[in-house]
Amino acid sequence: MTATTTSPTNALRSPAQGATLAAVDLACRRGNRLLFRGVNLELRPGEAIWLRGHNGCGKTSLLRLVVGLSVPESGRVLWAGAPIGESNSFAHERVYIGHANAMKDDLTVIESLRFLARIHGRDSGVDALHAALQRVGLEGRRDAIVRTLSQGQRRRAALARLALEHTATLWVLDEPYDALDAEGIGRVDALLLEHLARGGSVLLTSHSSPGGGAPPMTEFDLGRFN
Amino acid sequence: MKGTLRWTTFAAPSRFYALAGALNPWLWALAVLLALAGLYVGFLVAPTDATQGDSYRIIFIHVPAAWMSMVLYVAMAFWAAVGWMLNARMASMLARALAPTGALFTFLALWTGSFWGKPAWGTWWVWDARLTSELILLFLYLGYIALVSSIDDVVRGDKAGAVLAIVGVINVPIIYFSVRWWNTLHQGATISMTAAPKMAHTMLLAMLLMTLAFWAYAFAVVFTRAQALALERERDTDWVRALATKR
Amino acid sequence: MSSAFAAVYARDLRLALRRRVEALLPVVFFVVAVSLFPLGVGPEPQTLRQIAAGVVWVCALLASMLSVASLYAQDFNDGSLEQMMISGHAGTVIAAAKASAHWTVTGAPLVVAAPLIGLLLDVTSQSLLTLVLSLLLGTPILSLLGGMGAALTIGLRGAGVLLILLILPLSIPALIFGAGAVAAVDSGVSAAGHFSLLGALLIVTALVAPPATGLALRIALE
């Protein structure tokens, strides 16, 4: 199994092994101008990249391109050597947590989490969800309506999905540390370390430098591609 | 090789701009001449109708306008689809440029249709099946224009417009059929030519001239509008800057 | 795939139940709007009976359109739509689930309310049955078309009115066949033709609208 063929051989690869994400010559358009161009990025199993850059340089746009929500102006994104548009395993092997929490205001924390787990094909059983909420420190608030939670608690609820992951998938996180207190940051870092140890990969943005408890990350400055 | 080159040659906004600029004066001239000829034949040369007298002459504007309104809608949907599927900016701009002219012809068809029906029915509006379908077509045009102008991001606007236009084109036959059904069920009014089975040659000539005139006019206006759109969208490119500094 | 449909459908129903009053507003609008006609046209039973089918249908159309405008707004704003669209499930499935949920929450109650409205307008019981059946076939069409309109107008200013302008022309065939069925029954003719056309329209819409909606959703998120 190689990572350089362009045929969809990903069906043969076991999820435990992880795959490489590659962005080749990526360019992003915003309105009438190019936000960035010529971005080349490679993320191998077990690696973490901290995407940094000044406000407005396109960090969120790059994440959305990598994840497949937007189409690049030029260039392409490859997962295990195949373009993500043609890959039938990419959706399942990738977890995207955007800036917005995707929690429904009118549902309880556990109901919101269960919905996300279900549509992403993850274990949505009560035990799994309880365990996940415990990992992010929300086990006491699992039946609370999301609207009643603080910003930090909602962020933790959004990140609880990460605790449902047990395989070497790709995590794309937009400002995961946002609104979290020190304890919350510690919990997220623990999840990241575990994930990288089992061969998963992480691509995240953060406007502040990841703290001491965070796993080692390669810095990628998007600002130099503007 | 040369064959493939020609298909996409004018997909580049700069080349389209140049082509349109070269053709427009001729198109305008053609439109004016054909219109004058058509109106002359239609209003002065063609014979008086046996049953409708002279008021029927409005059909020389009404029928070509109605045809244009339908043709332009299909063209609009076609170019919007091409622009979306082939990622061709100029095609999307062409679709946007077609819409206002299509709406104008639809309105013209409705207005002249009203004039046509007045002597026959005594009212300014009749729910004739074809007129009603034209009215709905006007709504479809207005909907498209409203949608693409509400979306700030031009690429999203182009694509959303394409979806709407394609769905509209599929719906037009359904709408037309249902309106005809509705009209016959309720014994609605019909405006039509009750002239002799064989239309006088001059009448056909007038129709043809007016249709061609409208075609030429439509090309000229749509090209001009598309040129304006190209200038606006491509304002940061070299060829537009060169044009601006030349003046 | 079917589990994605079930997940989205169940979630939307649960959300509607948490906001019961808001979910019933379209039905209230429906009743109020229909009641305006006797006030505007005069209470003469003859006239009311004649215009009843058309009035009920148009008001159902408007009630449906008004409530569908925000079908994707919340999901778009809180990031749920993004998650649904990258889950690997086809946009068609998501769209079908949302439209079905909309019909269950708004369309079906309109169908249930229709007989009461019919009584207000002095519709005969035979016409009433036809009216209810025509709405039963027609309201899903409205939910499907409305969902497409909602997807095209996500995040736009004045999206509600724009949606009505976009979708009303496309709903006219359903209106014609639906209200026409009642008119047919009223004049003693069978409405079978109308119902088969309405049924065909429902099938065509169910096949075309969800994929178109899925595309529109992807376009809105790009």
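**Stop 1: helix 2 of chain C**

Select residues 20-41 of chain C, which form helix 2 in this predicted model. Does the length of this helix fit its number of residues, or does it disagree? At 1.5 Å a residue, its 22 residues should span 32 Å, and the C-alpha atoms at its two ends are 33 Å apart, so the two values agree.

Now color P26(C) and look along the helix: a kink of about 35 degrees is centred there. Which residues of the helix are buried? Show the side chains of P26(C), V27(C), F30(C), V34(C) and F37(C) to see them. P26(C) therefore earns a second look, as the centre of the kink and as a buried residue.

Next, add residues 45-68 and 91-120 of chain C. These are helix 3 and helix 6, and they are among the elements that cover the buried residues of helix 2. Before leaving, click on G42(C), just after helix 2, where phi is positive at about 110 degrees.

**Stop 2: chain B on its own**

Hide the other chains and show chain B as a cartoon. What will you find in it, helices or strands? Chain B has 8 helices and 0 strands, so to speak an α-α-α-α-α-α-α-α pattern when read along the sequence.

Turn chain B around: its C-alpha atoms fill a box of roughly 60 × 40 × 35 Å along the principal axes. Of its 247 residues, 41% count as buried. Take the contacts in chain B between residues at least 6 apart in sequence: 80% of them join residues at least 24 apart.

**Stop 3: where chain B touches chain C**

Bring chain C back. The contact between the two takes 24 residues from chain B and 21 residues from chain C. On the chain B side, select 129-150 (helix 5) and 154-185 (helix 6), each of which supplies at least two residues. Which helix gives the largest share? Helix 6 of chain B does, with 15 residues. Color this side of chain B by class and you will see 18 nonpolar, 4 polar and 2 charged residues.

**Stop 4: the two domains of chain A**

Finally, move to chain A. Color 1-8, 21-93 and 167-226 as domain 1, and 105-165 as domain 2. Their centres, taken over C-alpha atoms, are 23 Å apart. Where they meet, domain 1 gives 15 residues and domain 2 gives 12 residues. Select 182-197 of chain A: this is helix 5, which gives the most to the domain 1 side, with 6 residues. By class, that side has 6 nonpolar, 5 polar and 4 charged residues.

Key:
Residues numbered from 1 in each chain as written. Chains lettered and ligands numbered in written order. Predicted model: local features only at pLDDT ≥ 70, side-chain atom pairs only at ≥ 80, totals over all residues. Contact = placed C-beta atoms within 7 Å. Helix = DSSP H or I, 4+ residues; strand = E, 2+ residues; numbered from the N terminus. Nonpolar A, V, L, I, M, F, W, Y, C, P; charged D, E, K, R; others polar. Domains from an automatic or database assignment. Buried ≥ 20, exposed ≤ 12 C-beta atoms within 10 Å, placed from the backbone. Expected span 1.5 Å × (residues − 1). Bend = angle between axes of the 7 residues up to and from the residue.
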